[in-house]
Amino acid sequence: MAVVHWLLSKVRVEDVVPVVVVVVLVVVVLDVVVVSVVVVVVSVVVVVVSVVVVVVSVVVVVVSVVVVISDVLVVVAAGVVVVVSVVVVLSDVVVVVVVVVVVVVVVVVVVVVVAGVVVVVSVVVVLSDVVVVSVVVVVVDVVDVVVPVVVVLIMGL
């Protein structure tokens, strides 16, 4: 303990404070940069996953349209075979095509809108997380430096 008191008597607070402030600023800046990079990487992954979901949804819709078109072709072929019911089959085909087109358009619009909302919400959540994490890191770093400096100053007095 005597060695600590002797060292504290040889070191002036005025000489130590600038060094401590510079070290704290460097630590805070490095913490904020590392946390920001991690958050940006996570947000990019979320956006990429959302884009993949949209692409997969569009592929599913396209496959559904192809299946519906093949079903319509089968119905038309049956209508040609059954000449007597051609008028009824054609009217049914028109109704089916209109309903399918409307359903497909609605599904595509809903999928695109939902994917867009997911992307926007993900970006907003990630940006808010960056701000919160940065503030917490700065507060923790300042407390990590201020408490030891206050303890040293009290022990020196």
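Val4 is found in helix 1, which covers residues 2–10. Keep in mind that this is a predicted model.

**Exercise 1.** Work out whether Val4 is buried, partly exposed or exposed.

*Solution.* Start with the cut-offs: buried is under 20% relative accessible area, and exposed is over 50%. Val4 comes in at 35%, so it counts as partly exposed. Now do the same for Val143, which is found in helix 3. Its relative accessible area is 44%, so Val143 is partly exposed as well.

**Exercise 2.** Find the nonpolar surface patch that contains Val4, and say which helix gives the most to it.

*Solution.* First, list the members: Val4, Val131, Val135, Val139, Val143, Val147, Val151 and Met155. Next, take their accessible area together, which is about 630 Å². Then sort by helix: helix 3 gives the most, with 7 residues.

**Exercise 3.** Check how far apart the C-alpha atoms of Val4 and Gly156 are.

*Solution.* Along the chain, the two residues are 152 residues apart. In space, their C-alpha atoms are separated by 9.2 Å.

**Exercise 4.** Pick out the largest nonpolar core and trace which helices supply it.

*Solution.* Begin with the residues: Val35, Val39, Val126, Val130 and Val137, 5 in all. Helix 2 (13–81) and helix 3 (86–156) each supply at least two of them. Helix 3 gives the most, with 3 residues. To finish, zoom in on one core member: leaving aside residues up to four places away in sequence, Val137 touches Asp31, Val32 and Val35.

Conventions. Residues numbered from 1 in each chain as written. Predicted model: local features only at pLDDT ≥ 70, side-chain atom pairs only at ≥ 80, totals over all residues. Heavy atoms only, no water. Core = buried A, V, L, I, M, F, W, Y, C linked by side-chain atoms within 4.5 Å. Buried < 20%, exposed > 50% of the residue type's maximum accessible area, 1.4 Å probe, protein only. Helix = DSSP H or I, 4+ residues; strand = E, 2+ residues; numbered from the N terminus. Contact = heavy atoms within 4.5 Å. Patch = residues over 30% accessible without salt bridge, like charges linked within 9 Å, V, L, I, M, F, W, Y side chains within 5 Å. Areas by Shrake-Rupley, 256 points an atom, 1.4 Å probe, with all protein chains shown as cover. Salt bridge = Lys/Arg side-chain N within 4 Å of Asp/Glu carboxyl O.
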